Amino acid sequence: MASNTRKNSGTPKTSNSLSRNILAESTVDNEDQVNRKHRDKKKCPCQRSFNGKVYLIDCSKCHQEWHVDCLSMKGIARSAINSMVEWLCPYCFVAPVSTLKKQRDEFCYSCRNTRALQQANSDFEASTAVKNLETVSALVASASSAGSALEKFDFEQFSRNLDTLSQFDVHLQHLLLKENSLNGLNNEIKLHDKSLESINTNIAELQKDLKLLSSRPSTEPSSPSASSEQFLKDISEQLTVLCANEHTAAAGISELKQSLDSLQPLHNPGPCIPPTPLHPGPPTQHLRSPVPTVPVQLPNHEQKPVEMFKDDYIDQQTANDLGELFVKDSGHFKVENDRSCLTYGERYDYPGSKSSEKPQAIPSVLKELIDKINNEFCQGDLPQINSCLVNRFEGTDSKLPRHSDDEPTIHPESKIFTVSLGSACQVSFSDSHTGTDKHKQQCDPRSLYVMTRHSQALFDHRIDAGDIEGLRYSITLRSVNSLNRNATCIIGDSNTGGLKFGTDPAKSFGKWLPGKRIFAPVIDSIDPYVTLGYRNCVILCGVNDLKNEDVKNQHDIEIIYNALASKIAQIQSVNPCIHVFVCPAIPSKRADLNRKLIYFNSLIRRRLLPSNFGVSYVDGFDEFCDRDGLLDRSLSRDLNKHQKPDFLHLNWRGLAKLGQFIRNTVLLRINGGIDKRKRRSTRVDSRSFRDVTAGRETGPVVPAAASQGHVDGYQPHDSPH
C-alpha cells in the first residue's frame, strides 16, 4: 500500500526503516490474513457462543459479525445498534490520526501498518524541514554574497518538496478513494473550463459586432434588408445557446440584448427577437439544456356521450309508485336555479347543491329500482349504486344548465343511470373542450339512458328552456364514496404487476388509496384516456424502451424522454384535475443499461419537474441499488419465467418496498405533507394490546374478500403479466 502511494503521488523514497517496518509487520500477520479470508463471518472471531444472550453487530464493509462484549460495547441497547448508519469493525477501521504509544503486540495488523506510515511521514517532514531551514540560515548568514547564493539556490526544487509533502499527506488520507472518481472529477473541471472559455469568446465576438453596428451612421427608416434580418437572427440564436449553456453569463447576455433593442428605431422595429428566458440554478449545474416544448396531440377515443338507451325500462305501475313517492316528499325538495332537487341515500355534493345537506333514506320502492339496475349492470367488480338524485322540472321555464357529472366522489369506473318520468324532453350533449353539440337524446317517459364516468370528462349535457312541457322527474343513480377523492391509477410495466389494490393494508394499498393497475410495457402503449375519473396517476415505465439495442447515445434517450413528457401532457389535457407521480426507472443488474437509466432519470429531474408543476417525483428508489449501483439481489429475482437470469424484475421484497414508496408519496401529498400513518402498537404474545384488554384470543379476522381485493379498493380482475 505504501509503495503504490509513492508511485501514484510521485513522492521521493522514504527512509529504509519504513520498508523494513512494513515487511516485518506483513510477515508477522501473514498467518492472520490467511485465517481472515476463510473465517466464518456469521460468527464472532472469538469463536465463543453466548446462546443469543449477547447482541451481534455486523461490519458495514466486510460484514463480519462481532459480539458487543468483544468490542467493549457491553450495555448498548439493540435500538442503538439498529440506528447506526455505518459501523466499521477493528479489521476495517483505520484511525485518521496518530494513536497513543503502545506495545507492538497491542496493535492489529492494519493499525500497525497505518501507524508505521504516519511515523515515517512525520520523520520525512521533519528531516526535509530541517534541511531547508539550514539552507536558508546559511544563505542569510552569507549576506555579502547573497546575490550569488540566491542564484544557486533552487527555489523550484524547494517548492516541489513542499508540494510533495502535502500530496503525500493527502494521498495517505484518501487511500480508499477510487481512481475513477478522481479522474471523472478532473474531466468535469476541464470540461467546465473549456465551456467558460468558449462562452467568453462568444461574448467578446458579439460585443465587437454590436460596437461595429452601433458605429454605423443612422439612415432614414426603411424596411430591413435580408442581411440585417439574418444578422439579428444569428445574434438571437447565439444568445439562446449561451443562456442554455451557462447561467453565469446572464449579466452579459442581458446587456447585449438591451444594446440590440436600442439599435432598432421605434417607428421601424424590424425583426422581433424573442426574449430568452433565464433559468437560474445552483452553481453546480452546468451545461443545462433548455426545457423542451412538448406539443399536446390527443389520440382518438372511443367514448360515447350515451353508452346505452332503453325505452320502457320500468313498467307503468313502478312509474306510478315513484310518482306518488315524489309527491309525498315534495316538501323536501330544494329549489336550485330553474329546478328543484331531492337526494336519497349517500350524500352527493356538487357546485350549488342544497338537497345533499340532509339526504333522505332510500325508500323501498326506489330500492327495488336500484336493485334491478345493480343486478343487470353492476355485476362483478363494478361498483354498486348507493346514491339517488331526483330533479323536478315544472313547465317550459325549467331547464338544466350545461354541466358534467365529474365530481371526485363518484367512482371512476362506475356508470351513471338516468330514468325519466312524466313529460318527455331532449337532452343535448356537447364537447367539453369546444362546446359543439355532438348528440341529442330524446328521453320518453319510463326510459333509461346510461353514461360512463369516463365520458363526463369529455362531454357536457344540458336541457334547454322550452324542451319540457308539463311535469318531469329525472332520477339519476350514482356510486358515491368520499374515498374516491384518493382514486389512483398505476400505469407501469411488469414490475407493477404484483401491486394490489384492496382494503387489507397488509396485502394491498388499503382502503385509503383505492385505484386500478394498468399494464403498459412501453411508453407508446400508455393510453391517456384510462386516467379519466382518477385524481392521481402513478407512471413507472421506460425500462423496456431503454434496453432496446437501438438506444446508443444521449440523443436516443432524449427521444424516449420526450415521448414520456408528451404522454404526461396528454394525460393532463384529458384530465385537468389529475396529479401525476413519476417514478424513476428501477436499476438493473447490467452496468451498461444502468448508464442509460441514470441519464433518463436525470432528464426527469432536470427538465420535467421544474417545468410541470402538476408532476411529483417518487423518491426512495436509491434503496434498490447495492454498493456497486446495481439492482440489489435481495430485492430482485434470480430467474425469470423462462428459467433464464433475470436482470430487471423485483421479487416480493422489492415489490413491497415499491408499494411503500408509492403509497407514502401519494398519501403524503393528499394529506398536505402531514404524515398520518399509525404507529405499530405494543403486542403481547403476537396479540395487540387492544385484543388482550378485550379478552380476544386472536386479532380481528380480515374477510377473505378483503385479502383478495374488494370493490371498495378498486381491485380489478386484469390478466396476469
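Here are some notes on the predicted model shown above, taken point by point.

1. Overall make-up. The chain has 721 residues, and 39% of them count as buried. Its secondary structure comes to 18 helices and 20 strands, so there is plenty of both to look through. Exposed area is about 42000 Å², with carbon and sulfur atoms supplying 52% of it.

2. Contacts along the chain. Take the contacts between residues at least 6 apart in sequence: 71% of these join residues at least 24 apart. Lys 567, in point 6, gives an example of residues brought together from distant places in the sequence.

3. Strand β6. I'd look at this one early on. β6 covers residues 387-394, and 7 of its 8 residues are buried, so the strand is largely enclosed by the rest of the structure. For reference, buried here means under 20% relative accessible area.

4. The partners of β6. What does β6 pair with? One partner is β5 (residues 339-345), which runs antiparallel to β6 over 6 bridges. Within that pairing, Cys 341 has Asn 391 of β6 as its bridge partner. Another is β13 (residues 471-478), also antiparallel, and joined to β6 by 8 bridges. There, Leu 389 stands opposite Thr 476 of β13.

5. A four-stranded sheet. Have a look at the open sheet with the order β7-β12-β9-β10, where the pairing is antiparallel. Its edges are β7 (400-403) and β10 (437-443), each of which pairs on one side only. Neighbouring strands in this sheet are turned by 20° against each other on average, direction ignored. For the β9-β10 pair, β9 spans residues 425-431 and is joined to β10 by 6 bridges, again antiparallel. If you want a residue pair to click on, Ser 428 has Lys 440 in β10 as its bridge partner.

6. Lys 567. This residue sits in helix α14 (residues 554-574). Is the lysine buried or exposed? Lys 567 has a relative accessible area of 14%, and the cut-off for buried is under 20%, so Lys 567 counts as buried. Beyond its neighbours within four places in sequence, Lys 567 is in contact with Ile 523, Asp 524 and Ile 526. A polar atom of the Lys 567 side chain lies 3.0 Å from the backbone oxygen of Ile 526. As for the sequence-distant example promised in point 2, the C-alpha atoms of Lys 567 and Gln 297 are separated by 9.3 Å, although these residues are 270 apart along the chain.

How values were computed
Residues numbered from 1 in each chain as written. Predicted model: local features only at pLDDT ≥ 70, side-chain atom pairs only at ≥ 80, totals over all residues. Heavy atoms only, no water. Pairing = 2+ DSSP bridges. Helix = DSSP H or I, 4+ residues; strand = E, 2+ residues; numbered from the N terminus. Axes fitted to C-alpha atoms, helices over the stretch in contact; angles between N-to-C directions. Buried < 20%, exposed > 50% of the residue type's maximum accessible area, 1.4 Å probe, protein only. Contact = heavy atoms within 4.5 Å. Areas by Shrake-Rupley, 256 points an atom, 1.4 Å probe, with all protein chains shown as cover. Polar contact = N/O pair within 3.5 Å; in protein donor to acceptor, adjacent residues only side chain to side chain.
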